[in-house]
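Me: Please take a close look at one part of the model shown here and keep the answer connected.

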Amino acid sequence: MNVNILAIESSCDETSASVISNGKILNNIVATQSVHEKYGGVVPELASRAHQQHLIPVVHEAIESSGISKKELSAIAFTKGPGLMGSLMVGVSFAKSFAFALGVPLIDINHMEAHILAHFIDEPKPEFPFICLTVSGGHTQLVLVKDYLDMQVIGETMDDAVGEAFDKTAKLLGLPYPGGPLIDQYAKDGNSKAFQFPISNMPDLTFSFSGIKTAVLYFLRDNLKENPQFVEHNLADICASVQYTLIQTLMQKLKKAAKQYKIKNIAIAGGVSANSGLRKELETLAKEFKWNVFVPKFEYCTDNAAMIAMAAHFKYQNGQFCGLDVSPEARMKI
Ligand code: KG4
Ligand code: ZN
C-alpha cells in the first residue's frame, strides 16, 4: 500500500506544505512572508496572521500538484516546535482538523530534527553516526546523529543564534530583514581580513554570538563618528570580515566536536547553511581533515515542509503518531 503524507511547516515566517509518497518528496510549496521586512525582524502577531492567510492556498497547491487526492493521504504531519507559539498554533490546529476530517493519523515533528533529516531527501545521504551543525535564525547546535530518530545535542549557543548575529549585523548596516543572505552577497566582493572582530572563547562545545553583535555596534559607532559615509564606502569589507568571524567561530567548535567524537561524517543544516562562505570553508576543512561533508540543496536549507515530510516518513515507518489532543511546544528540544 502506498504511504502518502501531507506535511505542514509554520514555525516562524514561512508557510509551507509538502507531499511525500513512499519516502519520495513530490513537491515543496513555500509562501514567504514579506510583511516583516520593514520591521527588521519577525513580528510574531503578523506572522500568525500571515500563516492563516497562506496556509489553505499552500496546502491546496501541494495536494493539487502532487497528483494524489485527499482520500489517498495516509497521515498528516506538522511542526510541533520549536518556534513562535502563534505561528505553530496555526499549523497544529489546521493539521488536527484535517486529520480528523479525513480520519487519518497525525504525526508531530520537531523542527530541528527535520532540518537534519532534510539530508535524506536527496543523494548523497550521510551514513550514521554523523555530526550535524544546525545553524538557523533561532538555533546553533552541534548534534550527534546516531540514527534517523536518535539524536543528541552535544553543543549549543548560550545566547544568540548565528543567524541572529547575521541578521542583527545587517540591521546595524541598514540592510533589510533577513539580512543573512545580503551579508553573504556583499561579502563576496570584500576582504575578510580588512577588519578584525573577536572570536568568542567559550568552553567545550558551547557557542556565544552576543559579543560580536556588540563589537560590531561599537566598531560602527566609532568609525561613523570620523566618517559618516564609512558604511557606504566599506560595506563589502565589513560584511566579509563579520562573516569570516562568524564562520571561524562555528568551524572552531565543529573541528573540536569531530575530534572529540572521532567522526568524519559532517553535515550542515538550517538557514545559515545556505551561506556560500560557510560552504567554501567546509570544503577546505573536508580536504584537510578527510571529512565526508554533506550540504543540503538551497531549498532544503531554509524553512520548508519537505524536511517535515521526510521526518514524518521515518516516524510513520516506526508507527510514531500523536493524538488529537497534541499542543505546540515553543521550546521543544531534540
Ligand atoms: O532555518 P531558517 O530558515 O529559519 C529558522 O528556523 O530560523 O533560518 C533563517 C536564518 C536567518 O537568520 C537568515 O538570515 C539566515 O538563516 N540565512 C543566511 C543565509 N540564508 C539564510 N545567513 C547567512 N547567509 C545566507 N546565505
Ligand atoms: Zn528552521
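In which loop is Lys-262 found?

Reply: Lys-262 is found in the loop between H7 and strand E10 (265-269). Helices (H or I, at least four residues) and strands (E, at least two) are DSSP runs, numbered from the N terminus. This is a predicted model, in which local features need pLDDT of at least 70 and side-chain atom pairs count only at pLDDT 80 or more, while totals for chains, interfaces and linings use all residues. Residues are numbered from 1 along each chain as its sequence is written, and chains are lettered from A and ligands numbered from 1 in the order in which they are written.

Lys-262 comes just after H7 and takes a positive phi of about 50 degrees, although this residue is not a glycine. Most residues other than glycine have a negative phi. Lys-262 counts as exposed because it has 7 C-beta neighbours inside 10 Å. On this count, a residue is buried if 20 or more other C-beta atoms lie within 10 Å of its own, exposed if 12 or fewer, and partly exposed in between, with C-beta atoms placed from the backbone.

The helix before the loop covers residues 230-261. Its 32 residues should span 46 Å at 1.5 Å a residue, and the end C-alpha atoms of H7 are 44 Å apart, which agrees. The expected span is 1.5 Å times one less than the number of residues. H7 also bends by about 55 degrees at Ala-236; the bend is the angle between axes fitted to the seven residues ending there and the seven starting there.

Lys-290 can be set beside Lys-262. Lys-290 lies in the loop between helix H8 (276-289) and strand E11 (292-294), and has a positive phi of about 55 degrees without being a glycine. With 8 C-beta neighbours inside 10 Å, Lys-290 counts as exposed.

Other backbone features sit in the loop between helix H3 (111-117) and strand E7 (130-135), where Pro-124 has its place. A cis peptide bond joins Glu-123 to Pro-124, with omega about -5 degrees. Pro-129 is found in the loop between H3 and E7 too, and the peptide bond between Phe-128 and Pro-129 is cis, with omega about -10 degrees. Most peptide bonds are trans.
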